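Reader: I've just opened my first protein model and I'm a bit lost. Could you walk me through it?

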Amino acid sequence: MTTLRTRALVAGLVERYAAAKRERGVLDYGDLVALAARIAATVPEAGTLLRSQYRTVLLDEFQDTSHAQLVLFSSLFGDGHAVTAVGDPNQSIYGFRGASAGQLESFPRVFPRREGTGLAPAWTSHLTTAWRNSTTVLATANTVAGPLASPAAYLAGAPGIEVQPLEPRPGAGPGRVRLGRFVDELDEARAVADELQAFTRDWAVGAEQVSGPGPTMAVLCRKRSQFAALRGEFERRGMPFEVVGLGGLLDTPEVIDIVSTLRVIADPGRSDALMRLLAGARWRIGPADLMALADWSRHLAALRSAAARPEEQDLDAAGTVEEALIEGDLAEASSLVEAIDRLPRPGWTSGAGRQLSPEALSRLTRLRDELRMLRTVSGDDLGTVVSHVERALLLDIELAARPGASVHQARRNLDAFAEAAASFLAQSSEPGLLAFLAWLEVAAREESGLDMAPSEPSPGAIQLLTVHASKGLEWDAVAVTGLNRGMFPSGGNDRWTVGQSALPWPLRGDRADLPAWDTDQPDQKGWVGAEKQLAEDATEHAEREDRRLAYVAFTRARSLLVATGFAWSSTRSRPMPASPFLEELRDGADRHGFEVLAWAEDADLPEQNPLQALAQRSLWPYDPLEGPVDAATGARRSLSPGRRGALEAAAHRVLEVIHDGGAGPHLPSPGAPRQSEWAREAELLLAEQARAHVTSGVRLPEHVSASTLVALGEDREAVVRQLRRPVPRRPGMAARRGTAFHAWVEEHFGTSAMLDLEGFDSSDEYVDEAYELGTLVEAFKRTEWANRSPAHVEVPIETKVGPVVVRGRIDAVFRDADGRWDLVDWKTGRAPKGAEARARSVQLAVYRLAWSRLTDTPVEEIRAAFCYLADGTVVRPEALATEAELEAIVASALQ
């Protein structure tokens, strides 16, 4: 009853939330789908228009649609229109987002076909050939999906939908399936690492290699919380891996450091955030010094509690025993942030007899000065503050030095965080730092910490991701871990009568496919009994959802599938039983040829959690370039080599080069006085300044646009001035006109096969008139490309020219009848002449070079043209710049 009363309160909040969205004129994704479905159902003209434009409709992944989307599609394209839907009910794994496996069952009825003068249920065809998996891997999928062929007990009597078992493709190999149940999650992680290392070795000797640098491998988990043990084992062995999927941006180390610093400079009460910095790799303040700093913090709090002015107190007086003993109240009033800002003099001793070491005091002084500097910019634009913090923490240098990754790959999380800050700044009514930090806390709590930046798969790296994130992907080898009851399947249920997060199922459009609470009872006792039955039915429903998830996980593997579980995790007080999915595979091992690695029977499990009984002790703080060290043996825990030796050797070689180049004497040894270090730094700075005086004073960025390269050919000095002192360009009508036309032509090439350009009404006709878009469109229709279909539109390119990377975007790429490529760049102005025309051709030369490298096509087989729409001129430069000539343009800018 308490839950139902709370739901009544939540209903009021929902109404207020809807009203707030209407007042602000904003929509969320659910609003967009619901409004589209409402329009489709209530405005017949919408369906008439779209059916006239799209004679045939294909709906892919139909099992992932929601009820609102079903209403939308059926209202638009039902009633006998030509519609084909493809889907697999066993892969319906997004029930938490409103998808329903019963959508496909309703398709023949909701999308009938025309038969004579009437309508009949749509035909159903079964696509049973699996083109990805080996035979044994396919057997695991059919095994786990077998119980889904029968309707759930709570839907007894329902017709259901027939799903036939999958069959292997012709010539499919046998593959391998390896099963195992282990005592704890660490044993499982070691077994998974062993299997993937063995698979990689077999691949390297050609046992299964087909092409490419190495096998693709992935480890799939039910939840992200399972990653820790696997990551630890991969790191210990030096096995390359990457975490893939949405969420988790705020949990990456570099972003944690930035957010912690932002919290420290914005809120003096965030001692927890300061601890991240103090104990981190940069400052490495040890336990003894941290305890002394805490004593100093309590000392300041004690002085404050005396209700006296701070300047009238002797801040550097020795601490008292009372301060050391009475820590409860002072701990709440004290602040490590304040303690850093008001450090004690050297030699200060607390009442507990502790004092800061000279090295700790030196590091804390530098940290204090850094935080004070950052506070001076904390009121600036949010993006500026984030940039200042990044540079102050030296993260730009640290990430650039990350081994095995390009600068762009290493910076992708920082760039994603900067984009999140920019998005918040653009949308928030309170764009201050404190509001941003509050928003981040909500994102961490409710949205898994913001989306990770997308990344390209690293060759040879093991991808670590959740099963939900693996949908649609495939790998040569896949390990599905954590197959334990209570984890996968979860063993619980999300019925709407418990908690407030789920919409009451009787209000859902797909309620016929969900368990129902029979509320037609004579008294409250009857309601409670019916709710218990609902709980049992909801648990069965949740297990069927997890069974579909296991089916998806198993079918991601091509050649090798490793399915494992364990009994003990570090957080459990009781062992977990084996997952029914894993037990079903074990029962069918002899029949299908599955191999059992190991199997820990319940009777053989230890009574106490072995992970809690085994305490690991490491020295801390440790050298961040070498990794943790075992306190008992003194040996490094990681099996991969450390980085300190290589980095120190590299630094020594750099210093030798500097010395040989006449920059001055060698740097002093680590034991030399600090003054000589300062002198050496001053020499280097003066040498850098001297080199700057004999150059233009500007270093060309590592990345430039194609237009910048064109400008270098036209007026090098103007480009240098712009780089030296960037001045925003005033937005002109020509630029806006070009943007408007490019958007139109991209839409035209995307829809020209389905839309007639004549009579197309624009809702922005007044804007179009201002930009003279109609004139440009008419000019475009007279070109040779108006009635052709491009191979690609708006293609982003990035290619290296000399020491810089040039970026651009090719407007359209056509394939001629003779197989050659034709690159076209639309210009809304008039064709230039003379030297300006020759300079402009550099843009096409860059595009041609980039396309040649991208498609491995000789440049002689690639044409390029400017299409100037203002005067209808097509310009094809006779001799585009070669790669050497483009490099010469860049070299001239560096002189």
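Reader: Which residues have the most contacts inside the largest nonpolar core?
Author: Keep in mind that we're looking at a predicted model. Nonpolar side chains in soluble globular proteins tend to be buried together. Here the largest such core has 54 residues. Inside that core, the ones with the most contacts are Leu262, Leu274, Leu278, Leu293, Leu364 and Phe417.

Reader: Okay, take Phe417. Which residues is it in contact with, leaving aside neighbours within four places in sequence?
Author: Contact here means heavy atoms within 4.5 Å. With the sequence neighbours within four places set aside, Phe417 is in contact with Leu249, Leu250, Val255, Ile258, Val259, Leu262, Val386, Phe436 and Leu440.

Reader: And how many residues are in the second, separate core?
Author: Among its members are Leu148, Leu179, Leu561 and Leu585. The count for this second, separate core is 39 residues.

Reader: Let's try a strand. Which residues make up the covered face of β1?
Author: In a regular strand the side chains alternate between the two faces of the sheet. Strand β1 covers residues 56–59, and Thr56 and Leu58 sit on its uncovered face. That leaves the covered face to Val57 and Leu59.

Reader: What is the bridge partner of Val57 in β2?
Author: Strands β1 and β2 (residues 82–85) run parallel and are joined by four bridges. Together with helix α4 (residues 67–77), they make a right-handed β-α-β unit. Across in β2, the partner of Val57 is Val83.

Reader: Is Trp821 buried or exposed?
Author: Trp821 belongs to strand β17 (residues 821–827). Not counting residues up to four places away in sequence, Trp821 touches several others, including Phe814, Trp851 and Ile862. The relative accessible area of Trp821 is 10% and the cut-off for that label is under 20%, so Trp821 is buried.

Reader: How many residues apart along the chain are Trp821 and Ala864?
Author: In space, the C-alpha atoms of these two are separated by 8.3 Å. Along the chain, Trp821 and Ala864 are 43 residues apart.

Reader: What about cysteines: how many disulfides does the count come to?
Author: A disulfide needs a pair of cysteine sulfur atoms within 2.5 Å. Cys221 is buried at 0% relative accessibility, and Cys867 is buried at 2%. Under that cut-off, the number of disulfides is zero.

Reader: Now the charged residues. Which residue forms a salt bridge with Glu595?
Author: The model has 49 salt bridges in the count. In this one, the closest N and O atoms are 3.1 Å apart, and the pair links strand β13 (residues 595–599) with strand β7 (residues 176–184), 419 residues apart. Glu595 is partly exposed at 28%, and so is its partner at 34%. That partner is Arg176.

Reader: Which helix does Arg547 lie in?
Author: Arg547 meets Glu584 in a salt bridge of 2.9 Å, N to O. Glu584 lies in helix α22 (residues 580–587) and Arg547 in another helix, so the pair ties together parts that are 37 residues apart in sequence. Arg547 counts as buried at 7% relative accessibility, while Glu584 is partly exposed at 23%. The helix that holds Arg547 is α21 (residues 524–554).

Reader: Last one: what is the distance between the closest N and O atoms of Asp623 and Arg644?
Author: Asp623 lies in the loop between α24 (610–613) and α25 (644–660), and Arg644 in helix α25, so their salt bridge ties together parts that are 21 residues apart in sequence. Arg644 is partly exposed, at 26%. The closest N and O atoms of the pair are separated by 2.4 Å.

Methods
Residues are numbered from 1 along each chain as its sequence is written. This is a predicted model: local features need pLDDT of at least 70, side-chain atom pairs count only at pLDDT 80 or more; totals for chains, interfaces and linings use all residues. Side-chain values use heavy atoms; hydrogens and water are left out. Buried means under 20% relative accessible area, exposed over 50%, partly exposed in between (1.4 Å probe, protein chains only). Helices (H or I, at least four residues) and strands (E, at least two) are DSSP runs, numbered from the N terminus. Two strands pair if DSSP finds at least two bridges between them. A crossover is right-handed if, with the strands pointing away from the viewer, the path from the first strand over the helix to the second runs clockwise. A nonpolar core is a set of buried Ala, Val, Leu, Ile, Met, Phe, Trp, Tyr and Cys residues joined through side-chain atoms within 4.5 Å. A salt bridge is a side-chain nitrogen of Lys or Arg within 4 Å of a carboxyl oxygen of Asp or Glu.
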